[in-house]
Amino acid sequence: MGIEAALPTDSILTTQFHRVSNWARRSSVWPMPFATACCGIELMATACSRFDLARFGAEVMRFSPRQSDLMIVAGRVSIKTLPVLQRIYMQMAEPKWVISMGACASTGGVFDTYAVVQGVDQFIPVDVYVPGCPPRPEMLIEGIMAIQKIIDNENLPRDPDGKRLPLQIAVQPNFQPAPQPVDVSIGAS
Ligand code: SF4
């Protein structure tokens, strides 16, 4: 990575153990994709070459909860699917984080029905909300970077009993849609 050339090979670096462990943790976040609908396609796009999630060390999607530390809920969750989501979350090892990706995961989106969970944060602790329908890959990356900053600073909020509290960070939209390439006005002949 070039660091060998920048430093003489007989150098000694001193640091604190928690800094090294946090650096390693934030550089190798392994997501557990819980993709149930169209937001999952944007999640896939985020890992592909154009957006290249690997730049942030977070492209290794794991399909075993025991090997993942970041759950990304991408899409609507039905009441019937909810126990599966909760079980997977519980099987993930600490420290673990959760991103709620898109309007459906965070609020139920347009699916205001008895069959759809109206926000997964009612049932699992959500650390970062990524808005949009669907969110752009850049926004998801921003959500992952927000978690990386927290890992770097080891800034996990806890209640008086030492129980981990959700971070509840809302990512702000950062993408300006490009102008339409053609006139889409309605009614003009
Ligand atoms: S937020 Fe929009 S894009 Fe994402 S799952 Fe819901 S309907 Fe699909």
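Hi everyone, let's start at the ligand: the residues around it, meaning those whose C-beta atom, placed from the backbone, lies within 6 Å of it, are Ala37, Cys38, Cys39, Gly75, Arg76, Gly102, Ala103, Cys104, Gly109, Cys133 and Pro134. This is a predicted model, where local features need pLDDT of at least 70, side-chain atom pairs count only at pLDDT 80 or more, and totals for chains, interfaces and linings use all residues. Residues are numbered from 1 along each chain as its sequence is written.

That shell splits into 7 nonpolar, 3 polar and 1 charged residue; Ala, Val, Leu, Ile, Met, Phe, Trp, Tyr, Cys and Pro count as nonpolar, Asp, Glu, Lys and Arg as charged, and the others, Gly among them, as polar. Helix H5, residues 102-107, gives the largest share, 3 residues. Helices (H or I, at least four residues) and strands (E, at least two) are DSSP runs, numbered from the N terminus.

Now to strand E3, residues 97-101. Here 5 of the 5 residues are buried, so E3 is largely enclosed by the rest of the structure. Buried means 20 or more other C-beta atoms within 10 Å of the residue's own, with C-beta atoms placed from the backbone. Trp97, Ile99 and Met101 point one way from E3, while Val98 and Ser100 point the other way.

Who are the neighbours of E3? E2, residues 70-74, pairs with E3 in the parallel sense over 5 bridges, pairing needing at least two DSSP bridges, and Leu70 stands opposite Trp97. E4, residues 128-130, runs parallel to E3 and is joined to it by 3 bridges, with Met101 opposite Val130.

Thanks for listening!

Notes:
A residue is buried if 20 or more other C-beta atoms lie within 10 Å of its own, exposed if 12 or fewer, and partly exposed in between; C-beta atoms are placed from the backbone.
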